[in-house]
Amino acid sequence: MRQIFVIGTIPTMIPGHEAELKLLLEVMNPDVLFVEITEEDLKKENLGTYPNEMVFAYHWARQKEKQIMGFGENI
């Protein structure tokens with residue numbers, strides 16, 4: 001059975017609550033992480049205009065070798 005978790009973040013929660021988000025990701029340990037970043041920008045690693053918490057989650061997933069998906073026309 002597949003489990004799906006949806007978490008909402010507070011804009012600008014990073015850096016003040018970085019440890020909280022990291023702990024949540026570590027405990028949930030998702031196989032796939034969907035982030036609020038376009039697929040095109042994920043491919044280019046163009047992350048400069050996105051919320052800090054999405055960039056943090058992206059880097060966490062990369063470090064843990066998780067699949068990362070964004071949004072776009074193909075989703």
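## Cis peptide bond before the first helix

P15 lies in the segment that precedes α1. In this predicted model, the peptide bond from I14 to P15 is cis, and its omega is near 15°. Most peptide bonds are trans, and most residues other than glycine have a negative phi.

## Overall architecture

The chain contains three helices and two strands, arranged along the sequence as α-β-α-α-β. The C-alpha trace extends over about 35 × 30 × 20 Å along its principal axes. The radius of gyration is 12 Å, which agrees with the value near 11 Å that a compact globule of 75 residues would have.

Among contacts between residues at least 6 apart in sequence, 60% join residues at least 24 apart. Of the 75 residues, 31% are buried.

## Surface and charge

The accessible surface of the chain amounts to about 5800 Å², and carbon and sulfur atoms account for 52% of this area. The chain carries 7 positive and 12 negative charges, and the mean positions of the two sets are 6 Å apart.

## Helix α3 and its packing

Helix α3 covers residues 52-63. Its 12 residues, at 1.5 Å a residue, should span 16 Å; the end C-alpha atoms are 16 Å apart, so the expected and computed spans agree.

The buried residues of α3 are E53, M54, V55, F56, A57, Y58, W60 and A61. These buried residues pack against the helices α1 (18-28) and α2 (39-44), and also against the strands β1 (32-38) and β2 (67-71). An α-helix has 3.6 residues a turn, so residues three or four places apart point the same way.

## Positive phi angles in two loops

Two residues that are not glycine have a positive phi: N29, at about 45°, and E65, at about 55°. N29 belongs to the loop between α1 and β1. With a relative accessible area of 43%, N29 is classed as partly exposed, because this value falls between the limits of 20% and 50%.

E65 follows α3 and is placed in the loop between α3 and β2. The relative accessible area of E65 is 74%, so this residue is exposed, the cut-off being over 50%. The C-alpha atom of E65 is separated by 9.7 Å from that of V32, although the two residues are 33 residues apart along the chain.

Technical notes: Residues are numbered from 1 along each chain as its sequence is written. This is a predicted model: local features need pLDDT of at least 70, side-chain atom pairs count only at pLDDT 80 or more; totals for chains, interfaces and linings use all residues. Side-chain values use heavy atoms; hydrogens and water are left out. Helices (H or I, at least four residues) and strands (E, at least two) are DSSP runs, numbered from the N terminus. The radius of gyration is taken over C-alpha atoms; the globule rule is 2.2 Å times the number of residues to the power 0.38. Buried means under 20% relative accessible area, exposed over 50%, partly exposed in between (1.4 Å probe, protein chains only). Contact means heavy atoms within 4.5 Å. Accessible areas come from the Shrake-Rupley method with a 1.4 Å probe; for residues, only the protein chains shown count as cover. Lys and Arg count as positive and Asp and Glu as negative; His and the chain ends are not counted. The place of a charge is taken as NZ of Lys, CZ of Arg, CG of Asp or CD of Glu. The expected span of a helix is 1.5 Å times one less than its number of residues.
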